[in-house]
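Reader: Got a minute to go through this one with me? I'd like to talk contacts.

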There are 2 protein chains.
Amino acid sequence: MPRAGLDPATVVAAGAALADEVGLDRLTMGLLAGRLGVRTPSLYKHVAGQDDLNRRIAALALSEAADAVGSAVQGRAGRDALAAAARAFRAFVLAHPGRYAATIGVEPTGPDDPMAAASRRLLEAFLAVLRGYRIAEADVDHALRMLRTLFHGFATLQAADGFQWSADIDESFAWLIDFADRGLRAG
Amino acid sequence: MPRAGLDPATVVAAGAALADEVGLDRLTMGLLAGRLGVRTPSLYKHVAGQDDLNRRIAALALSEAADAVGSAVQGRAGRDALAAAARAFRAFVLAHPGRYAATIGVEPTGPDDPMAAASRRLLEAFLAVLRGYRIAEADVDHALRMLRTLFHGFATLQAADGFQWSADIDESFAWLIDFADRGLRAG
DNA sequence: GCCAAAAGCTAATATGATTAGCCAATCGAT
DNA sequence: ATCGATTGGCTAATCATATTAGCTTTTGGC
């Protein structure tokens, strides 16, 4: 019986991929073990349990989202940066609904939690978008929360298929970006 | 053994209340049965299972949210209506996080699903807010989605404790309402 | 009062997470 | 090269929870 050669990173990556495929709620330890060619209890040598796995998937997702948004914003400013960031974020969530779902309702346990760092990086990327606008010092936090609200709200509603009615979603998304741009400019 | 006198509505109401108390993820059939003074299998005489229960809780939550937002909007227009609706929605989600969580990612099975009707009523209430603004016919759907995105995004992020950093949340919320109001006015 | 339906119950089954404890593969130091 | 400790995998067992089967008692309409 040769070893499978797993480590926490591999397990988490496979878990995230599987969550994207079948949905976070249908990600079971058994299914993940099967995917990795290993028996269920073996997973516990690499992650502490389902909670821990979920937390690690969340950290991975936040980190990847931060990368995606961060690089989308590179070299752009103002409306361009806003649109690029929004698109990057939405694309990430739609491409990886399972791992993004893992981030919802999970809090970092402490400042040394990798999730805290990833979360911070994502916020930095959002903050970079705001630098292209003339925002009063006192309003930056509010604007940051607004951006997060918009991005998170739109992505999760769409991922949950919560927009059933007629109008085209891409159009709505573009409209939303315009809306935010106007608001930030006029703020 | 006298009967407990349950019916689907009672079971669903108790389930929603319990979800609010302990969190939707910790709502188990056993816990609910205990709360109702009955053994677990008895619940299956009133709801078809956990999925069905969740779906019914979601319908209840949407219906209540529609009532709350609908009555908040009554007799108000424009910015007042927007602010009242936003506050009512947020208050509802914060007061009933468990049942609201039940609505996420659940789709009505058909047009006769009670959830569909409740969902429609909530949208009507949001639509009423928009009537106080001068919005081009073609933009109404987009604006509606924007409102839903904002309300849902803010409420869920806050409910999940996703706003950890410094600035005051109520202030951010007020700022967000201003932001939306300006945007809708200038649209 | 009688009877069908409804509402409870106990017991059984299934699935999934987790733990205990065993054993083989690997790795670092000699 | 090899010894010994560590590690990563396994099987078997336990526990929690959902769900189903099938029995029994209440209850509401006649």
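Reader: How far is a polar side-chain atom of R3(B) from a base oxygen of DNA strand D?
Author: In this predicted model, with local features needing pLDDT of at least 70, side-chain atom pairs counting only at pLDDT 80 or more, and totals for chains, interfaces and linings using all residues, the two lie 2.5 Å apart. Side-chain values use heavy atoms, without hydrogens and water, residues are numbered from 1 along each chain as its sequence is written, and chains are lettered from A and ligands numbered from 1 in the order written.

Reader: And what does R39(A) do with DNA strand D?
Author: A polar backbone atom of R39(A) is 2.7 Å from a phosphate oxygen of the strand.

Reader: How many residues surround DNA strand D?
Author: 20, with R3(A) and H46(A) among the closest; that takes a heavy atom within 4 Å of the strand.

Reader: Switching topic: which residue does R185(A) form a salt bridge with?
Author: D181(A), the closest N and O atoms being 2.7 Å apart. A salt bridge here is a side-chain nitrogen of Lys or Arg within 4 Å of a carboxyl oxygen of Asp or Glu.

Reader: Are R185(A) and D181(A) buried or exposed?
Author: R185(A) counts as exposed because its relative accessibility is 53%, while D181(A) is buried at 6%. The cut-offs are under 20% relative accessible area for buried, over 50% for exposed and partly exposed in between (1.4 Å probe, protein chains only).

Reader: Which residues are linked in a network of salt bridges?
Author: D20(A), E64(A) and R99(A).

Conventions
A polar contact is a pair of N or O atoms within 3.5 Å; within protein, one must be able to donate a hydrogen and the other to accept it, and residues adjacent in sequence count only if both atoms are side-chain atoms.
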